[in-house]
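Trainee: I would like a close look at a single part of this model, the cysteines. Please start there, then take me through the rest.

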Amino acid sequence: MRNVTFLIACLFSVGVSAAESNGEYIARISDCVACHTAEGGAAMAGGKKFPTPVGDIYSTNITPDKTHGIGNYSYDEFEKAVRQGIAKDGHPLYPAMPYPSYAKLSDEDVQALYTYFMHDVTSSAEPNKENAIPWLLSARWPLHIWNWLFTDAPESKKTDVNTELVNRGAYLVEGPGHCGSCHTPRGIAMQEKAYTSSDDEYLSGAMIDGWYAPSLRGTALSEQELTSLLLTGKSKHAAVSGSMAEVVSQSTQYLTDDDAAAIAQYLLSLKRDKAAPTRPTATWSNSPEAGKVVYNRYCSTCHGLEGKGTDDNVPSLIKNPLVMIDDPTPLYRVITQGAETPTMRGNVSFKMPAYEGMMTKGEMRDVINYVRKSWGEGNGEITQEDLAGLKKATH
């Protein structure tokens with residue numbers, strides 16, 4: 001009898017360990033660590049700031065601490081917070097928490113998350129920070145209306161290549177990965193315009209915090225390049241920057257090879273249903289060649305005279321989304337503030353220096369115009385006044 005009891009205990013222990021392990025994996029690919037961990041703070045203890053149009057909000061402590069965290073949450077309360085955005089006391093969470101996407105999580109994955117957070121995450125007594133939102137705008141009840149209007153997401157339509165791997169990719173992208181939070185345009189109420197591939201707006205590209213999250217529909221990247229970007233932050237001719245660098249370092253580098261391939265195959269199954277708008281012929285009051293000297297001095301050493309970059313190291317400027325987008329803000333941010341690919345396990349980070357303070361305002365304008373004219377496929381000129389507006393918007 002003692003042996004039977006011991007066997008049952010061992011099996012239970014193995015079951016809990018497997019759930020915790022899967023829960024940690026789901027937490028990683030859902031980006032929980034990145035959003036709920038402040039710089040220099042304890043993991044999952046909250047305090048990270050997110051600027052919004054109505055003020056700054058701070059992520060909350062989601063460790064199992066019973067005073068400041070979620071240690072008193074039952075499974076049903078945890079599930080309701082994850083899938084519906086409703087906290088234990090009934091108040092709605094701000095949709096900076098991507099619960100419209102997490103609503104697609106399977107019961108098994110939500111249960112694994114709960115087990116992981118309650119048993120495997122280190123408890124922290126870090127108090128939650130007050131959100132910096134004016135009191136006139138801080139009422140939570142309108143969020144119930146927002147949820148009613150915008151979170152009833154349709155089912156994803158079947159893809160032309162309806163395979164098990166593609167379906168797994170759809171689940172990861174539309175659910176835990178919540179890729180649409182950045183790559184899908186937002187409406188007037190800051191809602192994502194679509195949550196699944198059943199709508200052409202889904203993953204069609206969007207500006208976020210001064211960075212451009214490019215369209216993932218009809219991408220020209222290969223499956224190998226897509227998986228490389230997910231797992232390492234760079235591929236033969238491209239590299240991630242801005243917010244996506246954090247996503248890779250905190251989340252997607254932990255994907256299994258099979259799941260990374262599933263995501264790539266799903267993205268490749270999406271069609272660019274909308275034709276790209278025809279750009280008017282750009283007019284130039286000054287020759288963009290004025291920036292060629294600046295480019296040759298500061299940029300050509302790494303990106304090359306023809307903008308091709310170097311394989312598996314420096315991204316190409318040809319077909320580069322930051323160069324081709326109409327809005328010059330992302331390109332300006334990279335030039336002025338620099339960029340760095342994620343520091344990964346077994347991969348050396350590539351860092352582009354920041355040139356603000358090294359280039360004059362005129363040189364900055366000229367080099368941006370030269371790059372856009374050379375590889376922007378019809379992008380027009382920016383003026384000194386445009387540049388001043390960009391500086392105000394991104395600092």
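Mentor: Cys35 counts as partly exposed, at 23% relative accessibility. The cut-off for buried is under 20%, so at 23% Cys35 does not count as buried. Keep in mind that this is a predicted model. A search of the whole structure finds zero disulfides. Cys35 fits that result: the nearest cysteine sulfur belongs to Cys32 and lies 7.9 Å away. A disulfide needs two cysteine sulfur atoms within 2.5 Å, so at 7.9 Å Cys35 and Cys32 are not paired. Cys302 is in no disulfide either. For Cys302 the nearest cysteine sulfur is that of Cys299, 8.9 Å away. Cys302 is also partly exposed, with 36% relative accessibility.

Now step back to the whole chain. The secondary structure comes to 17 helices and six strands. Of the 395 residues, 44% count as buried. The accessible surface comes to about 20,600 Å². Carbon and sulfur atoms hold 56% of that surface. Take the contacts with a separation of 6 or more: residues 24 or more positions apart account for 64% of them.

Two buried residues show such links in detail. Take Val371 to begin with. Its place is in helix H16, residues 361-375. Val371 has a relative accessible area of 5%, so it counts as buried. Leave aside the neighbours within four places in sequence. Val371 is then in contact with Tyr295, Leu317, Val323, Leu331 and Gly376. Lys292 is 79 residues from Val371 in sequence, yet their C-alpha atoms are 8.4 Å apart in space.

Phe350 sits in a loop instead, between strand E5 (339-340) and strand E6 (351-352). At 16% relative accessible area, Phe350 is buried. Beyond the neighbours within four places in sequence, Phe350 is in contact with Asn313, Val314 and Pro315, and with Ala339, Glu340 and Thr341. Asn313 is 37 residues from Phe350 along the chain. The C-alpha atoms of Phe350 and Asn313 are separated by 6.9 Å.

Helix H9 is worth a stop. H9 spans residues 223-232. Its buried residues are Glu225, Leu226, Thr227, Leu229, Leu230 and Thr232. In an α-helix, residues three or four places apart point the same way, because there are 3.6 residues a turn. The buried residues of H9 pack against two helices, H10 (243-250) and H11 (257-269). Just after H9 comes Gly233, with a positive phi of about 85°.

Positive phi also turns up in residues other than glycine. Met190 is one of these, with phi near 65°. Met190 is in the loop between helix H8 (180-183) and strand E3 (206-208). Its relative accessible area is 41%, so Met190 is partly exposed. Lys319 is another, again with phi near 65°. Lys319 lies in the loop between helix H13 (300-303) and helix H14 (321-324). At 54% relative accessibility, Lys319 counts as exposed.

Next, the strands. E1 covers residues 49-52 and E2 covers residues 55-58. These two strands run antiparallel and are joined by four bridges. They form a hairpin, with two residues between E1 and E2. Thr52 stands opposite Gly55 in E2. In a regular strand, side chains alternate between the two faces of the sheet.

Finish on the surface. Trp141, Ile145, Trp148 and Leu149 form a nonpolar patch there. Together these four residues have about 540 Å² of accessible area. Leu149 belongs to helix H6, residues 142-150. Its relative accessible area is 48%, so Leu149 counts as partly exposed. A patch residue must be over 30%, and Leu149 at 48% meets that cut-off.

Back to your starting point. The search finds zero disulfides. Cys35 and Cys302 are in none, with the nearest cysteine sulfurs at 7.9 Å for Cys35 and 8.9 Å for Cys302.

Notes
Residues are numbered from 1 along each chain as its sequence is written. This is a predicted model: local features need pLDDT of at least 70, side-chain atom pairs count only at pLDDT 80 or more; totals for chains, interfaces and linings use all residues. Side-chain values use heavy atoms; hydrogens and water are left out. Patches are made of residues with over 30% relative accessible area and no salt bridge: like charges are joined within 9 Å, nonpolar side chains (Val, Leu, Ile, Met, Phe, Trp, Tyr) within 5 Å. Accessible areas come from the Shrake-Rupley method with a 1.4 Å probe; for residues, only the protein chains shown count as cover. A salt bridge is a side-chain nitrogen of Lys or Arg within 4 Å of a carboxyl oxygen of Asp or Glu. Buried means under 20% relative accessible area, exposed over 50%, partly exposed in between (1.4 Å probe, protein chains only). Contact means heavy atoms within 4.5 Å. Two strands pair if DSSP finds at least two bridges between them.
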